[in-house]
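Trainee: Before I use these labels, I want to see how each one is earned. Can we go through them one at a time?

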Amino acid sequence: MIFSILAASAENLVAATKPVATTPKPAPITHVGGIAVPNQAYAQSMIQKYIRAYTNTEFAKQSLVQILDDGELYRLYIRQELKKRQMPAALEYLPVVESEYKARATSHSGARGLWQFMENSIAPFMKKDEWIDERLDPWKSTDAALSKLQDNYRMFGDWAIAIAAYNCGAGAMQRILAQSPQKSFWYLAEKGLLRDQSVQYVPKFLAISELSEHGAKYGIQLPEITTSTRFAEFDYVTVKGQVSLERIASELRLDYDTLSQLNRALVKSCTPPATEYAVRLPAGMERAATVALHAIAVSHTVAKGETLFALSRLYGCSVDDICTANDIRRNDVLAVGKVLYIPAKYAET
């Protein structure tokens, strides 16, 4: 008994004298996808905090892998636009922070889409009405977001500040910088001059970008986007008046889900009435679509007081043409909200 106690004491003494193993300090991250990062303790520690958050468990790693995989539909387009505009490549990963690449994402505050635009921040980049919400269109909202980021960079001359301003607003950032002795995002963040959401926003984004560009270095098998341009290059066909996407898909013999996915801005799954709308199509379909649209009857939603005679005058066709297209009689009373189909040869005039 005495021996075992002494032996244990000796082992404890040896253990106590052994040097304690420490985790090697990670090499500083000085550039991430074209964005400079200062080799300064606060900046490095903030980025490393989020790198650990995404790599400390298999679940965390797989979550990031899944998000990037889900974003494959849009990442090639974003990548091409960034290159075209000569913007930092890292910005391809900003939607991970904004929406996890979910095109229909809606926040508690009402921000929507891949890039999470608030309704009051879409002008002059996009439009929204009862028929269209371009925030839900991943390609149009990408164009809008990159234009906004470019405007921020022109205003502030620093990408970290430009990105933070995308989160908190350019006006708010101008006011904060006006009161700060140093015009650096990391200074503003460390000194508590920014709201916490914006403080966390930039290092989280940079950590995700670092992991996405150098997954193997961190033990993550990240998905590579394909070189297919299916969701990066498109054709368009102009539709006059209200036509359902279902009808267009049927005439084009195109999968409805694909057509709907390409035209997410159409919140009622039809083109808006009394105007023209450019419907997005897979590349190579413009000619076939133009021919097919001649067979499509444009729909008209009956408003209060409208009659068959009034509609025949509006579209330059006969009452009988409308009756035949809709299987109704000349003396039928039109209910408000009823959808009538107008033969295309008249609707397009």
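Trainee: What span is expected for helix 4, and what span does helix 4 reach?

Mentor: Keep in mind that this is a predicted model. Helix 4 covers residues 72-85, which is 14 residues. The expected span is 1.5 Å times one less than that number. That gives 20 Å, and helix 4 reaches 20 Å from its first C-alpha to its last. The two are close.

Trainee: Which residues of helix 4 are buried?

Mentor: Tyr74, Arg75, Leu76, Tyr77, Ile78, Glu81 and Leu82. Buried means under 20% relative accessible area, so each of these falls below that cut-off.

Trainee: What covers the buried residues of helix 4?

Mentor: The cover includes helix 3 (58-70), helix 5 and helix 6. Just after helix 4, Gln86 takes a positive phi of about 55°.

Trainee: What makes the phi of Glu100 worth a remark?

Mentor: Its sign and its residue type. Glu100 has a positive phi of about 60°, yet it is not a glycine. Tyr101 also has a positive phi, near 60°, and is a residue other than glycine. Glu100 is in the loop between helix 5 and helix 6. Tyr101 is found in that loop too.

Trainee: Why is Tyr101 called buried?

Mentor: Its relative accessibility is 3%. The cut-off for buried is under 20%, so Tyr101 counts as buried.

Trainee: And why is Glu100 called partly exposed?

Mentor: Its relative accessible area is 36%. Partly exposed lies between the 20% and 50% cut-offs, so Glu100 gets that label.

Trainee: What makes the peptide bond from Ala123 to Pro124 cis?

Mentor: Its omega is near 0°. Pro124 is found in the loop between helix 5 (94-98) and helix 6 (138-156).

Trainee: Which residues touch the most other members of the largest nonpolar core?

Mentor: Trp115, Leu149 and Met173, in a core of 73 residues. Helix 7 (residues 159-168) gives the most to this core, with 9 residues.

Trainee: Which residues does Met173 touch, not counting those up to four places away in sequence?

Mentor: Phe156, Ile161, Ala164, Ala165, Cys168, Leu188 and Leu194. Contact here means heavy atoms within 4.5 Å, so each of these residues meets that cut-off with Met173.

Trainee: How many residues are in the other core, the one that lies apart?

Mentor: That core has 23 residues, among them Ile248, Leu266, Val279 and Val298. Core members must be buried, so these four are under 20% relative accessible area.

Note on methods:
Residues numbered from 1 in each chain as written. Predicted model: local features only at pLDDT ≥ 70, side-chain atom pairs only at ≥ 80, totals over all residues. Heavy atoms only, no water. Core = buried A, V, L, I, M, F, W, Y, C linked by side-chain atoms within 4.5 Å. Buried < 20%, exposed > 50% of the residue type's maximum accessible area, 1.4 Å probe, protein only. Helix = DSSP H or I, 4+ residues; strand = E, 2+ residues; numbered from the N terminus.
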